[in-house]
Amino acid sequence: MLDAAAAGESALLLAPTGAGKTLAGFLPSLIDLARQPRPGLHTLYVSPLKALATDIARNLTGPVAEMGLPITVETRTGDTPQNRRARQRARPPQILLTTPESLLLLLASPEAPGFFASVAAVVIDEVHALAGNKRGDQLALALSRLGTLAPAARRAGLSATAAHPDALRAFVSPTGRVEDCRLIEAPPGAPPEIDILLPAGRLPWGGHMGLASAPEILARIRRARVTIVFVNTRAQAELMFAALWKLNEEALPIAIHHGSLTVEQRRKVEAAMAAGRLRAVVATSSLDLGIDWGDVDQVIQVGAPKGVARLLQRVGRANHRLEEPSRATLVPANRFEVIECLASLEAVARGKLDGDPPRPGGLDVLAQHILAMACQGPFLPDELYAEVRRAAPYAGLSRRDFEDVLRFVEDGGYALRAYERFRRLFRDAEGRVHVASGDVARQLRMNLGTIVEAPLIRLRLRGGPFLGEVEEWFLSTLRPGDAFLFAGRLLRFEGMEGVVAIVTPASGGEPRVPAYAGSRMPLTTWLAAEVREILHDRSRWQALPEEVREWLALQEARSSIPAPDELLVETFPRGGRWFLIAYCFEGRLAHQTLGMLLTRRMQRMGYGPLGYVATDYVLAAWSAFEPTEVAPLFAEDILGEELEEWMAESSMLRRSFRNIATIAGLIQKKLPGLERSGKAMTVNADLIYDVLRRHEPDHVLLRATRAEAAAGLTDVARIAALLARVRGRIRHRRLLRVSRLAARALSVVGGVWVAGGAVEALVAGAEALIAEATEGAEELRAGLAPGPGGPDASAALPPAPARRSRFRRSAPRTARLSGRP
């Protein structure tokens with residue numbers, strides 16, 4: 001890294017956790033400032049997490065002070081007090097640690113050219129966590145402007161894991177080209193030591209919380225110095241913390257950390273961990289990246305990790321030293337997750353990484369950036385277009401798309417230009433683009449950012465401090481007196497005071513847990529393929545626990561085990577309905593979309609679909625009539641007319657448009673002295689959406705909405721790959737009753753249910769379902785079953801009754817059905 005800096009070259013450093021990436025990134029700057037001390041901003045460090053910027057500041061100021069270097073190091077994030085921000089603008093520190101959002105705010109200021117002119121180096125940490133998402137798009141555009149203001153500044157990208165290093169090199173490169181960024185790879189450190197922990201009793205069939213293993217997790221915490229217990233969702237964090245605390249008779253100091261807690265609470269936990277005052281912290285992805293707590297000697301991952309790269313990132317938080325192995329434990333929450341955990345372990349042992357390559361940059365993010373640059377100062381469109389294309393996510397941006405986005409920012413576009421409030425830019429006689437008014441610039445600063453969460457409501461303890469935030473929809477389901485868990489405390493909802501929810505301490509009762517939209521992690525494509533391989537390869541079953549091997553053997557006897565290159569579909573009657581179970585293994589997001597398409601196709605074929613549920617592994621649907629012809633339900637043409645109809649009618653596109661319109665500045669959540677409710681924003685976005693669809697269907701924001709839905713929200717590409725892979729390879733098993741694998745799918749909690757009703761109403765309770773699936777287990781264990789497709793196979797069923805033709809005309813309308821995770 002010193003060699004690259006001496007040559008003035010930008011570089012991407014790939015190195016294992018504990019190898020000294022952060023020091024390697026900062027060392028050239030420290031040496032330069034030690035040799036030639038000078039005022040002004042010298043090095044800009046950008047982190048995806050506020051906590052990471054704070055942690056780096058703490059770990060950097062120590063060595064700087066010990067070496068007696070007259071170097072100032074400060075952070076600037078959304079948590080930085082206003083007086084410190086003002087001082088930093090007047091007297092910049094030599095090293096500034098910030099986030100993408102705070103960087104763009106600084107760049108949107110008219111003082112930005114003077115503030116950034118002295119920058120000699122930019123350090124981008126955890127590049128893999130930024131490249132390929134909207135925050136990464138925002139950062140790439142900001143760095144492109146920074147390259148214009150400080151053209152001599154070199155860039156240093158730091159990453160511990162990278163499945164696509166060339167894509168990351170392009171992201172770090174000041175030109176957006178791979179060849180203009182040197183790749184530096186450190187030798188691997190000690191391989192991690194990872195094991196799987198199971199509960200003392202029987203493994204649960206369903207669920208994803210892992211609470212059955214709380215006693216074993218607490219025992220591991222007792223034996224270690226410091227433990228991070230990682231979970232996959234904030235709701236899971238609250239439940240796991242409560243379960244551990246209930247068992248914690250020794251009162252071991254255990255904390256909770258997630259993004260919905262107040263800044264003060266998160267900082268308190270981080271400081272206590274750094275000082276060694278905690279034995280464990282239950283955390284979500286808020287602590288995934290780069291936090292350097294050397295005393296952490298083990299990581300426990302509760303629930304399947306959903307991706308190999310994600311697992312390695314979390315495992316690397318333990319024993320943050322190159323020569324020592326990181327020690328971690330995986331705690332599967334159910335039997336399917338045992339298989340996924342085994343696949344993850346084998347992938348780590350073979351050095352495999354997963355993850356999709358970065359996608360092109362979003363047009364909504366570009367719209368926000370164009371307005372921010374106008375707030376900095378007037379620009380010529382030709383010059384800005386050339387600058388934007390130096391950002392890797394926008395290297396392929398067409399001039400037409402750029403002009404359409406610019407026109408939208410200027411006056412809203414053809415359908416909206418008659419409205420004064422959408423006129424945010426104007427052009428002078430020389431063609432330079434200016435911001436329309438100071439009010440426009442002020443609204444941009446208030447609403448800048450690409451993280452669009454569901455509307456949040458602050459929680460305040462009556463007569464006490466603020467505790468954090470929960471989503472508006474969750475509070476709308478509470479009545480005064482209802483109890484719920486938050487921040488590791490049992491609280492009672494008292495009511496609303498303005499836009500603040502008032503709570504008091506509670507005791508007893510059956511508490512609820514706030515859930516957060518979009519917090520479930522999708523199963524990666526590569527890991528899903530590994531799970532299919534393990535299921536099919538009996539020789540790999542030996543690594544599984546006995547009860548999981550028995551579970552799979554009974555599934556094989558009752559139905560079949562799906563092969564890697566085929567789609568197993570089971571159908572069986574239950575409770576006056578017919579159930580269809582498809583073992584797709586493509587992740588919850590793809591299955592949710594496929595479920596909506598499948599129910600449309602079932603309606604056309606006269607099966608009377610009533611609903612569906614999607615998990616990471618399985619798609620289950622139920623109908624009024626038996627689905628006898630299965631292959632047409634999974635034909636590739638389902639992505640044609642059914643997809644177009646669904647996307648046109650689905651509320652999902654409206655939600656996506658609302659988020660895109662918010663990022664692009666078409667609607668504002670925050671106004672001077674006012675914060676709009678989620679309901680008001682939704683109504684506003686829906687009105688504009690309808691106007692654009694009717695009068696300007698090719699509007700740039702509608703194009704962005706459709707592109708985002710196809711690429712990410714619906715996982716269409718993954719569905720297309722599945723349908724192509726199983727063409728002519730669909731195995732249909734017609735059973736008398738539910739199979740072992742199907743019982744797991746139908747007893748899942750947290751799936752997407754269509755047509756209303758709860759799990760209990762549709763499948764008469766998980767316990768009864770599992771009992772039915774295990775009927776005959778002793779005979780099967782004794783070898784009395786006739787083999788695959790045996791006692792419950794289609795031969796045991798009478799021929800399916802013919803469907804009534806009139807049903808094709810009077811089938812229940814599934815087009816209007818909707819569900820919520």
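**Notes on the sheets, cores and ring pairs**

1. Within strand β6, V122 has R155 as its bridge partner. This is a predicted model, in which local features need pLDDT of at least 70 and side-chain atom pairs count only at pLDDT 80 or more, while totals for chains, interfaces and linings use all residues. Residues are numbered from 1 along each chain as its sequence is written, and side-chain values use heavy atoms, with hydrogens and water left out. Strands here are DSSP runs of E, at least two residues long, and helices are runs of H or I, at least four residues long; both are numbered from the N terminus.

2. A good place to start looking is β5. Strand β5 (residues 121-124) runs parallel to β6 (residues 154-159), and four bridges join the two; strands are called paired if DSSP finds at least two bridges between them. A121 is matched with R154 of β6. Four bridges also link β5 to strand β2 (residues 43-46), again in the parallel sense, with L44 set against V122. Which residues of β5 are buried on its two faces? A121 and V123 are buried on one side, and V122 and I124 on the other. Here buried means under 20% relative accessible area, exposed means over 50%, and partly exposed lies in between, using a 1.4 Å probe and protein chains only.

3. Zooming out, the order of this open, seven-stranded sheet is β3-β4-β2-β5-β6-β1-β7, and the pairing is parallel. Each edge strand, β3 (73-76) or β7 (182-185), has a single partner, so one of its sides has no neighbour in the sheet. From one strand to the next, the twist averages 20°. Helix α4 (residues 82-90) packs on the sheet, where α4 touches β3 and β4 (95-98), and its direction makes about 125° with that of β3. Helix α8 (residues 165-172) also packs on the sheet, touching β1 (11-14), β6 and β7, at about 140° to β1. These angles, from 0 to 180 degrees between N-to-C directions, use axes fitted to C-alpha atoms, for helices over the stretch in contact; contact means heavy atoms within 4.5 Å.

4. Helix α8 deserves a second look. Its buried residues are L168, R169, A170, F171 and V172. Their cover includes β1, α7 (134-149), β6 and β7.

5. There is also an open sheet of five strands, ordered β23-β24-β22-β21-β27, and its pairing is mixed. Where are its edges? They are at β23 (609-614) and β27 (730-734), each with a single partner strand, so each has one side without a neighbour in the sheet. The strand-to-strand twist averages 20°. Strand β21 (residues 567-574) and β27 run parallel and are joined by five bridges, with T571 opposite R734. Helix α21 (residues 588-604) lies across β22 (577-582), β23 and β24 (619-623), at about 165° to β23.

6. Now the nonpolar cores, meaning sets of buried Ala, Val, Leu, Ile, Met, Phe, Trp, Tyr and Cys residues joined through side-chain atoms within 4.5 Å. The largest has 83 residues, and L103, F116, L366, I370, F657 and L666 have the most contacts inside it. Helix α14 (residues 363-376) supplies the largest share of this core, 10 residues. Another core, of 58 residues, lies apart from it and includes I194, V296, A304 and L311.

7. The structure has 12 aromatic pairs, counted when ring centres of Phe, Tyr and Trp (its six-membered ring) lie within 6.5 Å; planes under 30 degrees apart are stacked, over 60 edge-to-face, and the rest tilted. F336 and F585 pair edge-to-face, 5.9 Å centre to centre with 75° between the planes. F336 is in helix α13 (residues 335-349) and F585 is in the loop between β22 and α21, so this pair ties together parts 249 residues apart in sequence. Both rings belong to residues at 1% relative accessibility, F336 and F585. F336 is also stacked with Y617, at 4.6 Å centre to centre and 20° between the planes. That pair joins helix α13 to the loop between β23 and β24, 281 residues away. Ring pairs gather F336, W551, F585 and Y617 into a cluster.

8. One last check, for the cysteines: how many disulfides does the whole structure have? The search finds zero, a disulfide being a pair of cysteine sulfur atoms within 2.5 Å. C341 is buried at 0% relative accessible area, and C584 is buried at 0% too.
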